[in-house]
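Work through the exercises below with the sequence and the model side by side. Each task is followed by a solution that goes step by step.

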Amino acid sequence: MGLFGRGLEIKTPAQVDVMRRAGLVVGETLALLREQVRPAMTTGELDAIAEDAIRSRGATPSFLGYQGFPASICVSVNDEVVHGIPGSRVLAEGDLVSIDCGAIVDGWHGDAATSVALGSVPDDVTALMDVTEQAMWRGIAAATTQGRLSDISHAVESHVRAQGSYGIVPDYTGHGIGTAMHLPPDVPNLGRPGRGPRLVEGLALAVEPMVTLGTDATDVLDDDWTVVTTDGSWAAHYEHTFVLTDRGAWVLTALDGGEAALSALGVAFGGR
């Protein structure tokens, strides 16, 4: 491991392999949660399933105890954007549930998020989910060793703007990741291309657009964690951790390494 420019943490291939192990724990846990989440269960029950899944795979939840956070995952429902605390809330048919999950293996982190609709939801909610997820993939696809950090931001923003009138939350961003869950640099979801640090082999980043059906304004609830839209509009959140290799992007938290999504966008797959 070394540092490159602006104190960015650059991983060796062996360190990336450990991050892939952490990423698979996250990916497998999110896949399980997508299967298990249902109306009438509480968000606390979902958190218990997640903690058991993470620990049974020999990993540690990244979120539990992080700056005092009291749970192993974040569960954000409907107008909650991010950082929802699991507890007694009962999920209902028609809810939009965003689940954020992190895991540590041998000191290395993985971090990803997904959004799930419980049963039938309006068409605009389905579209919101698709736009947000595809914006994430286009951000990852824009990352090359010939590029700059803001190429990712620009790709995310450009895709969302092209799909309609959505709010892109500016105050919460993606981030570097590795020996800590949050490392430099921040990865905004808005920006002009060709700016910021140069992207290099061994740099690991989490890309995570948060998109709303209304404005981009948010508030934090009295629990000092849960972020909600100011106008009450619903939000979706998707995230993956990826690393740049000498061949391209390798999505460490995707079960297939991101091969299918990146190939569909005509981008080289950097995994092994």
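The exercises that follow deal with cysteines, cores, strands, an aromatic pair and two threonines.

This is a predicted model, in which local features need pLDDT of at least 70 and side-chain atom pairs count only at pLDDT 80 or more, while totals for chains, interfaces and linings use all residues. Residues are numbered from 1 along each chain as its sequence is written, and side-chain values use heavy atoms, with hydrogens and water left out.

**Exercise 1. Cysteines**

Task: Find how many disulfides the whole structure holds, and explain the result for cysteine 74.

Solution: Begin with the criterion, which is that a disulfide is a pair of cysteine sulfur atoms within 2.5 Å. A search of the whole structure with this criterion finds zero disulfides. Next, look at cysteine 74, whose closest cysteine sulfur belongs to cysteine 101 and lies 9.5 Å away, which is too far for a bond. Finally, check the surroundings, where buried means under 20% relative accessible area, exposed means over 50%, and partly exposed is in between (1.4 Å probe, protein chains only). Cysteine 74 is buried with a relative accessible area of 5%, and cysteine 101 is buried with 0%.

**Exercise 2. The nonpolar cores**

Task: Determine which residues of the largest nonpolar core touch the most other members, and which elements each supply at least two residues of this core.

Solution: A nonpolar core is a set of buried Ala, Val, Leu, Ile, Met, Phe, Trp, Tyr and Cys residues joined through side-chain atoms within 4.5 Å. The largest such core has 35 residues, of which Ile140, Ile152, Leu199, Leu205 and Phe242 touch the most other members. For the elements, recall that helices (H or I, at least four residues) and strands (E, at least two) are DSSP runs, numbered from the N terminus. At least two core residues come from each of strand S2 (8-10), helix H3 (123-141), helix H4 (149-163), strand S11 (204-207), strand S16 (240-244) and strand S17 (249-251). The largest share, nine residues, is supplied by H3. There is also a second, separate core of 32 residues, which includes Val18, Met19, Val26 and Leu30.

**Exercise 3. Strand S16 and its partners**

Task: Describe how S16 is covered, and state in which sense, parallel or antiparallel, S16 pairs with S11 and with S17.

Solution: Take the burial of S16 as the opening step: five of its five residues are buried. His240, Phe242 and Leu244 lie on one side and Thr241 and Val243 on the other, so to speak of the faces of S16 is to speak of two covered ones. For the pairing, two strands pair if DSSP finds at least two bridges between them. S11 and S16 pair in the antiparallel sense over four bridges, with alanine 204 opposite valine 243 in S16. S16 and S17 also pair in the antiparallel sense, over three bridges, and the bridge partner of phenylalanine 242 in S17 is valine 251. The hairpin of S16 and S17 has four residues between the strands, and in this hairpin glycine 248 takes a positive phi near 150°.

**Exercise 4. The aromatic pair**

Task: Locate the aromatic pair in the structure and explain why the pair is edge-to-face.

Solution: Rings of Phe, Tyr and Trp (its six-membered ring) pair if their centres lie within 6.5 Å, and planes under 30 degrees apart count as stacked, over 60 as edge-to-face and the rest as tilted. The search of the whole structure finds one aromatic pair. The rings of phenylalanine 69 and tryptophan 225 have their centres 5.0 Å apart and their planes at 80°, so the pair is edge-to-face. Phenylalanine 69 lies in the loop between strand S3 (60-61) and strand S4 (73-77), and tryptophan 225 in the loop between strand S13 (218-220) and strand S14 (227-229), so the pair ties together parts that are 156 residues apart in sequence. Phenylalanine 69 counts as buried at 3% relative accessibility, and tryptophan 225 counts as buried at 19%.

**Exercise 5. Two threonines**

Task: Place threonine 132 and threonine 245 in the structure, and list what each contacts beyond its neighbours within four places in sequence.

Solution: Contact means heavy atoms within 4.5 Å. Threonine 132 lies in helix H3, is buried at 0% relative accessibility, and is in contact with Pro209, Val211, Ala236, His237 and Tyr238. Threonine 245 lies in the loop between S16 and S17, is buried at 10% relative accessibility, and is in contact with Thr145, Glu201, Trp250 and Gly270.
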